[in-house]
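Trainee: I'd like to learn how to read a structure like this one. Can we go through it together, one feature at a time?

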Amino acid sequence: MTTNWYPIINYENCIECGACINKCSHGVYDKESAKPMVIYPDGCIDRCTGCQALCPAEAIQYYGDTGGPKTTCSCGC
Ligand code: SF4
Ligand code: SF4
């Protein structure tokens with residue numbers, strides 16, 4: 001877990017497909033909201049890009065992303 005890496009949503013691009021919300025199993029997104037709301041950024045796995053990889057609208061970037069290598073966490077997200 002980290003406070004230095006978490007998703008930032010571009011709501012102008014987001015089509016509210018729900019893919020990111022459904023993908024993450026770390027409580028980062030509010031599961032009750034159709035609009036992706038980051039409610040627990042501390043739960044995001046450092047350098048994970050699991051939700052971004054599924055986004056059809058290129059609407060997800062990460063706080064802390066300086067262009068280094070990415071990963072996926074052990075749970076597969
Ligand atoms: S990057 Fe990974 S851990 Fe972080 S919100 Fe997306 S799926 Fe969850
Ligand atoms: S995956 Fe992308 S388009 Fe779909 S809800 Fe998340 S940010 Fe929006």
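Mentor: Sure. Let's begin with a salt bridge: the side chains of D65 and K70 meet in one, at 3.4 Å from N to O. Keep in mind that this is a predicted model.

Trainee: How many salt bridges are there by this rule?

Mentor: The count comes to two. Besides the bridge between D65 and K70, there's a salt bridge between the side chains of D65 and R47, 3.9 Å from N to O. That pair links distant parts of the chain, 18 residues apart: D65 is in the segment after β2, and R47 is in the loop between α1 and α2.

Trainee: Is R47 buried or exposed?

Mentor: The cut-off for buried is under 20% relative accessible area. R47 has 18%, so R47 is buried. D65 counts as partly exposed because its relative accessibility is 32%, and K70 is partly exposed too, with 37%. Salt bridges that share partners join R47, D65 and K70 into one network.

Trainee: What about G68, where is it placed?

Mentor: G68 sits in the segment after β2 (60–63). At 26% relative accessibility, G68 is partly exposed. Its C-alpha atom is 8.6 Å from that of R47, although the two residues are 21 apart along the chain.

Trainee: How should I think about disulfides?

Mentor: A disulfide is a covalent bond between the sulfur atoms of two cysteines. This structure holds zero of them.

Trainee: Which residues are around ligand 1?

Mentor: The residues around ligand 1 include the cysteines C24, C44, C48, C51 and C77, along with H26 and Y62. By class, the shell has ten nonpolar residues, one polar and no charged. C24 is buried because its relative accessibility is 10%, and C51 is buried at 10% as well.

Trainee: And which residues are closest to ligand 2?

Mentor: The closest are C14, C17, G18, C20 and C55, out of 13 residues that surround ligand 2. That shell divides into eleven nonpolar, one polar and one charged.

Trainee: Let's finish on the surface. Which residues make the nonpolar patch?

Mentor: Y11, M37, I39 and Y40 make a nonpolar surface patch of about 370 Å². Take M37 as an example: it lies in the loop between α1 (19–23) and α2 (50–54). With 34% relative accessibility, M37 counts as partly exposed.

Terms used:
Residues are numbered from 1 along each chain as its sequence is written. Chains are lettered from A and ligands numbered from 1 in the order in which they are written. This is a predicted model: local features need pLDDT of at least 70, side-chain atom pairs count only at pLDDT 80 or more; totals for chains, interfaces and linings use all residues. Side-chain values use heavy atoms; hydrogens and water are left out. A residue is near a molecule or strand if one of its heavy atoms lies within 4 Å of it. Ala, Val, Leu, Ile, Met, Phe, Trp, Tyr, Cys and Pro count as nonpolar, Asp, Glu, Lys and Arg as charged, and the others, Gly among them, as polar. Patches are made of residues with over 30% relative accessible area and no salt bridge: like charges are joined within 9 Å, nonpolar side chains (Val, Leu, Ile, Met, Phe, Trp, Tyr) within 5 Å. Accessible areas come from the Shrake-Rupley method with a 1.4 Å probe; for residues, only the protein chains shown count as cover. A salt bridge is a side-chain nitrogen of Lys or Arg within 4 Å of a carboxyl oxygen of Asp or Glu. Helices (H or I, at least four residues) and strands (E, at least two) are DSSP runs, numbered from the N terminus. Buried means under 20% relative accessible area, exposed over 50%, partly exposed in between (1.4 Å probe, protein chains only). A disulfide is a pair of cysteine sulfur atoms within 2.5 Å.
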